[in-house]
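Q: Please take a close look at the packing of the helices in this model, and set it in the context of the elements around it. A formal, connected account would be appreciated.

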Amino acid sequence: MVRAPRMLRKHGSLGMYSTVVVYIPNEPLTVHRLTNNRMMKKVIVITGVSRGLGQAMTSGFIKLGHTVLGCARSKASVEQLSNKFGSPHNFTALDIANEAQVKIWAEQLLSKYGTPDLLINNAAIINELAPLWEIPSEDFSNLIDINIKGVANVIRHFIPAMIEKGSGIIVNLSSGWGRSTAPQVSSYCASKWAIEGMTRSLAQELPQGMAAIPMSPGIIHTDMLEVCYGEDAASYTSIKDWQAKAVPFLLQLSPADNGMPLTVPV
Ligand SMILES: NC(=O)c1ccc[n+]([C@@H]2O[C@H](COP(=O)([O-])OP(=O)(O)OC[C@H]3O[C@@H](n4cnc5c(N)ncnc54)[C@H](OP(=O)(O)O)[C@@H]3O)[C@@H](O)[C@H]2O)c1
């Protein structure tokens, strides 16, 4: 059950916005912007919501009263999310590498919900561990199609409406391996270095009032981490602990963060 947030105290003000610290029992303290003294409920688009960090962000944002519009390839998981959270949230089965599917998805969401306040490009895959020359070309292409071109597909079909409105924050999930390298994960590293460059370039193209941010989430025990670290993955940050830090961190991002490579403070 979602408990109503309780405003603790006025925290400060930023021009037309003011901010408050919000307390929900058993939840971390969060800072929200208010306009006209009303809590700003955000519309948040997230790719890759079927498990891992995408699912954690989804449930975390919904608990705080925000609306989540998500996608993933797994039809079964999308159906489960729809049954669990219902309206106004919206979950769609699609492959971000398929531009035609992304185009229809974006058109449907934009016409029903308007432009998102936060667009989080989270969906990605990692290669089976292998040196570069042993990664089959089909696997390499598939990873680039999802991790780079898939992100560009989503941006291509959401951003024009956001630019027209002149607001919205785009967060592209990067990685420690988008800023450093390791053996056996060359195609993944290549894709995340590309995300850093693509996002920072995008940041220079956006009008004032918007932001594009490459964000490293830290190292979290998800299915993806098990591909990299096997059983040792369990010794890293849990999804629940990450959610507690990441959700408020994402909600306080603003146009002032445009182009800044950020890391979730876990
Ligand atoms: N976990 C970490 O420690 C870590 C560290 C650094 C960066 N990251 C980044 O954080 C993000 C989330 O990682 P994670 O650990 O949560 O990964 P994960 O557990 O493997 O989850 C990935 C999600 O992306 C979805 N997805 C994959 N390909 C897709 C496609 N073509 N179309 C739509 N959805 C797709 C998956 O759902 P379906 O399979 O149902 O499509 C799943 O919901 C990724 O960008 C990852 O690179 C994670």
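A: In this predicted model, the axes of α4 (137–165) and α5 (186–205) come within 9 Å and cross at roughly 20 degrees. Angles under 35 degrees count as roughly parallel, and α4 and α5 are therefore roughly parallel to each other. The crossing in which α4 passes α5 is right-handed. On the side of α4, the contact is made by Phe-140, Leu-143, Ile-144, Asn-147, Ile-148, Val-151 and Ile-155. The residues of α5 that take part are Ser-187, Tyr-188, Ser-191, Ala-194, Ile-195 and Leu-202. Sorted by class, this contact of α4 with α5 comprises 10 nonpolar and 3 polar residues, with no charged residues.

Helix α4 also packs against α3 (99–113). Here the angle is about 25 degrees, and the axes of α3 and α4 are 9 Å apart. The helices α3 and α4 are therefore roughly parallel to each other as well, and α3 passes α4 in a right-handed crossing. In α3, the residues Glu-99, Val-102, Lys-103, Ala-106 and Leu-110 meet Asn-153, Val-154, His-157, Phe-158 and Ala-161 in α4. The contact of α3 with α4 divides into 6 nonpolar, 2 polar and 2 charged residues. Charged residues thus have a place in the contact of α3 with α4, whereas the contact of α4 with α5 has none.

Both partners of α4 can be followed further, to the sheet. Helix α5 lies across β9 and β10, running at about 165 degrees to β10. Helix α3 lies across β5 (43–47), β6 (67–72) and β7, and its direction is at about 170 degrees to β6. The sheet itself is open and consists of 7 strands in the order β7-β6-β5-β8-β9-β10-β11, with parallel pairing. Its edge strands, each pairing on one side only, are β7 (90–93) and β11 (262–263). Beneath the topic of α5, the pair β9 and β10 deserves its own mention: strand β9 (residues 168–173) is joined to strand β10 (residues 210–216) by 6 bridges, and the two run parallel. Within this pair, Asn-172 stands opposite Pro-214 in β10.

Two local backbone features belong to loops that lead into these elements. Gln-184, in the loop between β9 and α5, has a phi near 80 degrees, a positive value in a residue other than glycine. Pro-88, in the loop between α2 (75–85) and β7, follows Ser-87 through a cis peptide bond with omega near 10 degrees.

A further helix pair is formed by α1 (52–63) and α7 (residues 239–251). Their axes come within 9 Å and cross at roughly 60 degrees, which makes α1 oblique to α7. The crossing of α1 and α7 is right-handed. Gly-52, Leu-53, Ala-56, Met-57, Gly-60 and Phe-61 in α1 meet Ile-239, Trp-242, Gln-243, Ala-246, Val-247 and Leu-250 in α7. By class, the contact of α1 with α7 has 9 nonpolar and 3 polar residues, and no charged residues.

The helices α1 and α4 also bear on the ligand. Each of α1, β6, α4 and α6 (223–229) supplies at least two residues of the shell around the ligand. Of the 31 residues in that shell, Gly-48, Gly-52, Arg-73, Ser-74 and Thr-222 come nearest. By class, the shell holds 16 nonpolar, 11 polar and 4 charged residues. Gly-52 is thus one of the residues that come nearest to the ligand, and Gly-52 is also among the residues of α1 that meet α7.

Definitions and conventions
Residues are numbered from 1 along each chain as its sequence is written. This is a predicted model: local features need pLDDT of at least 70, side-chain atom pairs count only at pLDDT 80 or more; totals for chains, interfaces and linings use all residues. Two strands pair if DSSP finds at least two bridges between them. Helices (H or I, at least four residues) and strands (E, at least two) are DSSP runs, numbered from the N terminus. Two residues are in contact if their C-beta atoms, placed from the backbone, lie within 7 Å. Axes are lines fitted to C-alpha atoms, for helices over the stretch in contact, and angles run from 0 to 180 degrees between N-to-C directions. A residue is near a molecule or strand if its C-beta atom, placed from the backbone, lies within 6 Å of it. Ala, Val, Leu, Ile, Met, Phe, Trp, Tyr, Cys and Pro count as nonpolar, Asp, Glu, Lys and Arg as charged, and the others, Gly among them, as polar. Angles under 35 degrees count as roughly parallel, over 145 as roughly antiparallel, 65 to 115 as roughly perpendicular and the rest as oblique. A crossing is left-handed if the near helix is turned anticlockwise from the far one by less than a right angle, and right-handed if clockwise.
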